[in-house]
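Open your viewer, switch to a cartoon view and keep the selection box handy. We will go from the whole chain down to single residues, stop by stop.

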Amino acid sequence: MRELLRSTQRACIITHRHADLDAYACGGVATRELINRLGHDAFLVVPEGPSYSVKSFISKLGINYQGLDSCGELSLVFLVDVSTYAQLNEFRNIIGNRPVVVIDHHEVHNIAPTVAFIDPDATSCSEIIAQIFRELGIEPSSEVATLLIGGILSDSGRLSRARPETFEVLAWLLRLAGRDYRDIVNAMIEEMTFPEKMARIKGLLRMRAYRFSDYIVCLSNVNAYESSLADA
Ligand SMILES: [Mn+2]
């Protein structure tokens, strides 16, 4: 990767569209910081902007959004948490035949990367990039460490899919973040919108429950948010 960066004027990091917390943390901010710390320029592009979960997480922790809509002239492409070109839409054309670095915890299909950091056993892309920082002996900033913790928590199902390495890297990040762990966890709770709350309440009031031997079957109807009602 260092070799590639040496011959690069402008690197562009692309996440999947509507980046979730893992994609934004890993690609977004951490990969860019890593490239900067290695002494090169990099731009971050989040196709169609970040997801609601990213906006809500960063605003609660007072972190500024850093994504762009396009990267203009570029000579090297980083794809993070993308897994297939299909998730990139129009960015497929931008990549052309430029060298591509892939950082991902998904098995990557239909991309032939020049350099790849892929670990399907990692919980998240954030865990992979945190390991790379650690192996290079580079400490991420407090902001990046905080985002990476969020990325790991959200893609690991709040650590239900964690492996020993996840906890090791998490402890390291938590010290660098210098924040209370509870504040980070609380920032991940997404406020339900008012229409969604109303839909859930209406759906619950209209509910009928039936028992069929060992099963309880609940029936209701709503005009929207049916999956939210099913979760409730
Ligand atoms: Mn991910």
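Here is a tour of the model, with something to select at each stop.

**The whole chain.** Start with everything visible, and bear in mind that this is a predicted model. The cartoon should show ten helices and seven strands. Along its principal axes, the C-alpha trace spans about 65 × 40 × 35 Å. Of the 232 residues, 37% are buried. Among contacts with a separation of 6 or more, 68% join residues 24 or more positions apart.

**Two domains.** Colour residues 2-187 as domain 1 and 194-231 as domain 2. If you place a centre on the C-alpha atoms of each domain, the two centres lie 37 Å apart.

**Helix α2.** Now select residues 21-37. How far apart are the end C-alpha atoms of this helix? They are 22 Å apart, which agrees with the 24 Å that 17 residues should span at 1.5 Å a residue. Look along the helix for a kink of about 35°, centred on A30. Then bring back the surroundings: 15 of the 17 residues of α2 are buried, so the helix is largely enclosed by the rest of the structure. Just after α2, stop at G39, where phi is positive at about 95°.

**Helix α5.** Next, select α5, residues 125-136. Its twelve residues should span 16 Å, and the end C-alpha atoms, 17 Å apart, agree with that. Show side chains for C125, S126, E127, I128, I129, A130 and F133, which are buried. What do these buried residues pack against? Their partners are the helices α2, α6 and α7 (164-177), together with the strands β3 (76-80), β4 (100-104) and β5 (115-118). As you step off the end of α5, you reach G137, with a positive phi near 70°.

**The α5 and α6 pair.** Keep α5 on screen and add α6, residues 142-155. The two axes are 7 Å apart and make an angle of about 140°. Angles over 145 degrees would count as roughly antiparallel, and α5 and α6 are therefore oblique to each other. To see where the helices meet, highlight C125, S126, E127, I129 and A130 on the α5 side, then L148, G151, I152 and D155 on the α6 side.

**I95 in α4.** Select I95, which sits in helix α4, residues 91-95. Is I95 buried or partly exposed? It counts as partly exposed, because 17 C-beta neighbours fall inside 10 Å and 20 or more would be needed for a buried residue. Leaving aside residues up to four places away in sequence, I95 touches V77 and V100. For a distance check, draw a line from the C-alpha atom of I95 to that of S51: the two residues are 44 apart along the chain, and the line should read 23 Å.

**Two loop residues with positive phi.** Finish with two residues that are not glycines. E48 lies in the loop between β2 (42-45) and α3 (52-60), and its phi is near 65°. With 11 C-beta neighbours inside 10 Å, E48 counts as exposed. Then jump to S213, in the loop between β6 (208-212) and β7 (215-219). Its phi is also positive, about 45°. S213 has 4 C-beta neighbours inside 10 Å and so counts as exposed.

Key: Residues numbered from 1 in each chain as written. Predicted model: local features only at pLDDT ≥ 70, side-chain atom pairs only at ≥ 80, totals over all residues. Helix = DSSP H or I, 4+ residues; strand = E, 2+ residues; numbered from the N terminus. Expected span 1.5 Å × (residues − 1). Bend = angle between axes of the 7 residues up to and from the residue. Buried ≥ 20, exposed ≤ 12 C-beta atoms within 10 Å, placed from the backbone. Domains from an automatic or database assignment. Axes fitted to C-alpha atoms, helices over the stretch in contact; angles between N-to-C directions. Parallel < 35°, antiparallel > 145°, perpendicular 65-115°, else oblique. Contact = placed C-beta atoms within 7 Å.
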